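The exercises below are to be worked with the sequence and the coordinates side by side. Each task is followed by a solution that goes step by step.

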Amino acid sequence: MAAAAGLVAAVAAALGALLMAPGLSQPDGQGAPGPRGGAAAAERRRSGRMDQALLLVRNELPAPGLNLAARSGSCHQCLYQFLAFVPPSNESLRKPGTASVMVDTQHPLTLLLNSSVGDRDLCNYSLCFPGLRGDPCSPDCWAPSHEELGSPTTTDSINCDPAPQSWSSGSRQRLRSLDTFRGLSLVIMVFVNYGGGKYWFFKHESWNGLTVADLVFPWFVFIMGTSIALALGSMLRWGSSKWKVLRKIIWRSFVLILLGIIVVNPNYCLGPLSWDNLRIPGVLQRLGFTYLVVAALELLFTRADSGTWEGRFPALQDILPYWPQWIFILVLETIWLCLTFLLPVPDCPRGYLGPGGIGDFGKYPNCTGGAAGYIDRLLLGEKHMYQHPSSAVIYQSTMPYDPEGILGTINSIVMAFLGLQAGKITLFYKDQPKQIMSRFTIWGIVMGVISAILTKCSKEEGFIPINKNLWSISYVTTMSCFAFILLLLIYYLVDVKKWWSGAPFLYPGMNSILVYTGHQVFANYFPFKWKMQDSQSHAEHLTQNLTATTLWVIISYILYRKRIFWKI
């Protein structure tokens with residue numbers, strides 16, 4: 001007991017010097033810091049990454065020494081990961097044993113010290129770093145200062161909308177609120193793809209939950225659905241035949257899928273593009289296929305005049321005329337639920353929704369994504385999937401997993417269909433802005449209630465957690481809730497009250513494919529990127545990323561003024 005108390009006192013003292021300051025030397029062997037240790041410390045700081053700190057632990061106890069392990073606060077039900085062995089003190093020289101290791105400062109961290117004999121747990125410390133997350137530490141969380149080191153990888157790319165031709169119900173005038181919403185999503189996406197200042201909340205969530213980066217893709221899918229309703233209705237009213245419209249739908253889908261495979265394929269980093277390492281799924285590929293299904297479904301059942309239901313069931317007037325489409329979508333969602341929760345996956349529990357790796361206490365390391373990952377590996381092959389999923393960093397999963405895989409495409413179709421519903425509301429209640437806004441509000445509330453039920457208002461404990469990697473149904477309903485409410489606000493400000501022109505987001509929203517493709521192709525060229533003086537500085541990354549994003553807004557404005565729009 002006295003030994004444990006002595007250890008607690010020793011480690012508590014060491015935590016006072018936990019994060020190495022610029023002038024702090026690294027210990028030389030087991031003794032006090034020396035000149036050679038200081039040089040090594042400086043080198044270690046230079047080789048570190050952004051948002052990391054040097055953890056220094058001193059052990060004043062005699063043999064046998066201690067094992068130091070850690071667990072990230074963002075890693076749900078994870079195993080502790082071994083960090084370092086802390087040697088015992090040298091009693092003859094009266095020098096404590098020391099160990100130093102780099103630790104992540106983006107999320108709260110729990111440290112565990114135990115004896116190297118019998119793995120006897122001696123003490124447990126929780127560390128948090130409020131300077132990075134902006135949150136106050138919990139009462140039981142000790143908060144040291146921090147030193148930013150290195151730089152993380154950039155986040156995954158998001159997408160653009162393939163159906164930019166959106167028209168109001170009776171004229172060739174564009175719905176400015178929809179272009180504004182699209183442009184807002186696009187600007188956020190470009191900023192996130194360029195790095196988002198290297199802040200953690202501009203990266204995709206490791207598994208369950210949401211960050212800013214997780215909002216953009218589903219909003220584009222939603223906007224695409226809204227555009228389909230407005231564009232197809234307009235083309236049919238202007239005399240285009242359904243066969244002509246269908247050919248255009250197929251061509252757009254083909255071009256989007258081709259762009260995704262050839263131009264924006266992340267597996268280029270593995271070497272020259274070849275069938276051996278070609279990533280088949282992708283953002284534009286999913287958009288293209290989703291557009292094909294939803295647009296063809298709408299074309300199959302749409303009519304230039306759906307007034308036969310007018311006056312019947314007023315609360316459902318924007319739903320009942322399209323009951324065959326709703327049945328199709330419900331069947332699709334039933335298929336997703338059955339495959340997700342009933343499909344047997346080798347060596348994995350049925351209905352598993354976890355990240356694998358060290359999650360779930362390391363019980364299912366090769367079960368990343370459950371049925372969704374299994375279907376992709378079975379049908380596509382591991383080499384044709386995304387090789388660096390977001391779960392690999394925190395959960396240390398080793399299996400390839402594609403967030404734009406086959407099973408998740410079902411729910412992206414559902415998301416686009418909910419956007420299609422927003423477009424139908426705009427058409428059905430033409431020239432009735434109060435009705436449009438009230439219907440948007442109702443749909444937003446309904447989607448929010450469904451999300452609350454599915455998730456139990458929790459990140460990890462719900463029936464179906466919010467998960468962008470899986471494109472879970474709760475993720476779709478939550479993003480649809482946000483989309484309905486945000487579109488409502490923009491519609492009110494831009495198209496109803498005309499208090500806002502939509503600028504500057506209107507301009508990239510009207511040239512979304514050009515901005516999306518261009519920002520990917522020229523990402524590593526000046527003036528969108530340049531050599532920074534301090535690559536470990538959030539401020540420099542933020543300046544560079546904001547500058548690059550602003551340049552694309554300016555480019556889209558110039559093209560808007562010259563009436564140049566790139567359409568498929």
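**Exercise 1.** Which side chain meets that of Lys459 in a salt bridge? Place both partners along the chain and state how far each is covered.

*Solution.* The model is a predicted one, and a search of the whole of it finds six salt bridges. In one of these, the side chain of Lys459 meets that of Glu205, with a distance of 4.0 Å from N to O. The pair links distant parts of the chain, since Lys459 lies in the loop between α12 (433-455) and α13 (473-496), whereas Glu205 lies in the loop between α4 and α5, 254 residues apart. As to cover, Lys459 has a relative accessibility of 38% and therefore counts as partly exposed, while Glu205, at 11%, counts as buried, the cut-off for buried being under 20%.

**Exercise 2.** Where is Asn208 placed, and which residues does Asn208 touch, leaving aside those up to four places away in sequence?

*Solution.* Begin with the position: Asn208 belongs to the loop between α4 (176-193) and α5 (216-237). With a relative accessibility of 9%, Asn208 counts as buried. Next, list the contacts, which, with residues up to four places away in sequence not counted, are Lys459, Glu460, Pro465, Ile466 and Asn467. Finally, look for polar contacts between side chains: Asn208 is joined to Glu460 by one of 2.8 Å, and to Asn467 by one of 2.8 Å.

**Exercise 3.** Which residues are linked with Glu404 in a network of salt bridges? Describe the pairs that Glu404 forms with Arg279 and with Lys468.

*Solution.* The network links Arg279, Asp402, Glu404 and Lys468. Take first the salt bridge between Arg279 and Glu404, in which the closest N and O atoms are 2.8 Å apart. This pair links distant parts of the chain, with Arg279 in the loop between α6 and α7 and Glu404 in the loop between α10 (391-394) and α11 (406-428), 125 residues apart. Arg279 is buried, with a relative accessible area of 5%, and Glu404 is buried as well, with 6%. Then take the salt bridge between Lys468 and Glu404, whose closest N and O atoms are 3.3 Å apart. Here too distant parts of the chain are linked, Lys468 being in the loop between α12 and α13 and Glu404 in the loop between α10 and α11, 64 residues apart. Both Lys468 and Glu404 are buried.

**Exercise 4.** How many of the residues of strand β5 (residues 109-115) are buried, and which strand do seven bridges join to β5?

*Solution.* Seven of the seven residues of β5 are buried, so the strand is largely enclosed by the rest of the structure. In a regular strand, side chains alternate between the two faces of the sheet, and each face can be examined in turn. On one side of β5 the buried residues are Leu109, Leu111, Leu113 and Ser115, and on the other they are Thr110, Leu112 and Asn114, with both faces covered. As to pairing, strand β2 (residues 66-72) runs antiparallel to β5 and is joined to it by seven bridges; Ala70 stands opposite Leu111 in β5.

**Exercise 5.** Which helix gives the most residues to the nonpolar surface patch?

*Solution.* The patch, of about 780 Å², is made by Trp251, Phe254, Leu258, Ile262, Val263, Val521, Phe522 and Tyr525. Helix α6 (residues 242-262) gives the most, with four residues. Val263 is found in the loop between α6 and α7 (283-301) and is partly exposed, with a relative accessible area of 36%.

Note on methods: Residues numbered from 1 in each chain as written. Predicted model: local features only at pLDDT ≥ 70, side-chain atom pairs only at ≥ 80, totals over all residues. Heavy atoms only, no water. Helix = DSSP H or I, 4+ residues; strand = E, 2+ residues; numbered from the N terminus. Buried < 20%, exposed > 50% of the residue type's maximum accessible area, 1.4 Å probe, protein only. Polar contact = N/O pair within 3.5 Å; in protein donor to acceptor, adjacent residues only side chain to side chain. Contact = heavy atoms within 4.5 Å. Patch = residues over 30% accessible without salt bridge, like charges linked within 9 Å, V, L, I, M, F, W, Y side chains within 5 Å. Areas by Shrake-Rupley, 256 points an atom, 1.4 Å probe, with all protein chains shown as cover. Pairing = 2+ DSSP bridges.
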